[in-house]
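Subject: Structure handover and notes on a cavity and its strands

Dear colleague,

I am passing on the structure below, together with some notes on what turned up when I went through it. Please look at the model first and then read on.

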Amino acid sequence: MPSFCPRVKFVHMIRFFIIIAIFTLLWTGSASAGESAGLERKVQTTFHADLASQVNPEGLQLFVGGYRRWISGMDQELGTPSSYLQTGMGLGASPAYAKAAIHGEWMPAIFAKVRLEYDFYRFFGDFGALLSFPSADSPFGRREVKAMEGQEESAWGRRVLLQPTLYAKAGPVIISNQTDLAYYRFSGNGPYFLDWEYDTLLKDGDSVIANRTQFLLKPWKRGQEAMLLVGPYYEVTRAHDADLTRQRLGGVLYWVPADKLGSFNRPRIYSQLGVNLQDRNRDNEMFFTIGVGFDYDL
């Protein structure tokens, strides 16, 4: 089991990365402004919408948003940007809570990108959110959540998320490794709260580290963006103060059937199916997620 630094050190680390990310974005923007006029940069504005649901635990969320991207390089083989700067915002809604998000994202090269995001939550006091628990040892499975129906709190929450992603290619296999470094604050009673995004208990001021690795094949591609990606993935999530670890193993599918569908760009269907290898409430139980979405490029 990997060791984790104390919460205070983790908060300082998050702040350090935020400062570095902001400095890097400002420095890159200044450097780009000083480039020769012969280098043409493409600016892309995109709106997107996604509807996703999951089983074990059950959930449903609609997310809409948009971003503005300054592309400074393209990968001709993949037909995707190889370097860019991006800023954006979005709104998410589920029966239990809503959230507003703002982010900045930087891809310096085709093999790496980093995202800095701030999320603001409003819990409606229904459908299992926001629930408080007396200790980190409290069970919070389906039966326990159902038994606490009516005890939900109308409250606020905040999250700062730093999310670096690395990419590699080994023959036909595309490898991606993504890490979430998240810091949470809640306004409810506590001292522990059930977080539905990572399905774990968190304290006010708690931190989460999540890492997921995917090994993807592209058995089908048509046009510029239509493609099918399939393959296995492994995920581990750890809540620091609650001392909770979850491990998952499964398969992932991402399908873009056409470059465009009417006025919409990149219509997509995506899904995950797997088993909980380690989970206090769901050891060896299956889980399933599925979602649909599309983009609209201006």
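In what follows, a strand is a DSSP run of E with at least two residues, and strands are numbered from the N terminus. Please keep in mind that this is a predicted model.

I began with enclosed space, since rolling a probe the size of a water molecule over the atoms shows where empty space is left. The count comes to 2 cavities of 30 Å³ or more, and the second largest cavity, with a volume of about 40 Å³, is the one described here. Its lining is made up of Tyr 97, Tyr 121, Phe 123, Phe 186, Leu 194, Asp 195, Trp 196 and Glu 197. Sorted by class, 6 of these lining residues are nonpolar and 2 are charged, while no polar residue takes part. At least two lining residues come from strand S5 (112-124), and at least two come from strand S9 (192-195).

From S5 one can follow the pairing onward, for S5 and strand S7 (residues 154-170) run antiparallel and are joined by 13 bridges, with Phe 124 standing opposite Ser 154 in S7. S7 in turn pairs with strand S8 (residues 173-186), again in the antiparallel sense, over 12 bridges, and here Ala 170 stands opposite Val 173 in S8. The hairpin of S7 and S8 has 2 residues between the strands, and within this hairpin Gly 171 takes a positive phi near 65 degrees.

With best wishes

Technical notes
Residues numbered from 1 in each chain as written. Predicted model: local features only at pLDDT ≥ 70, side-chain atom pairs only at ≥ 80, totals over all residues. Heavy atoms only, no water. 1 Å grid on protein atoms, 1.4 Å probe; cavity = no way out; pocket = protein on both sides within 12 Å on 5 of 7 lines; lining within 4 Å. Points joined across faces, edges and corners; volume = space filled by probe spheres on them. Helix = DSSP H or I, 4+ residues; strand = E, 2+ residues; numbered from the N terminus. Nonpolar A, V, L, I, M, F, W, Y, C, P; charged D, E, K, R; others polar. Pairing = 2+ DSSP bridges.
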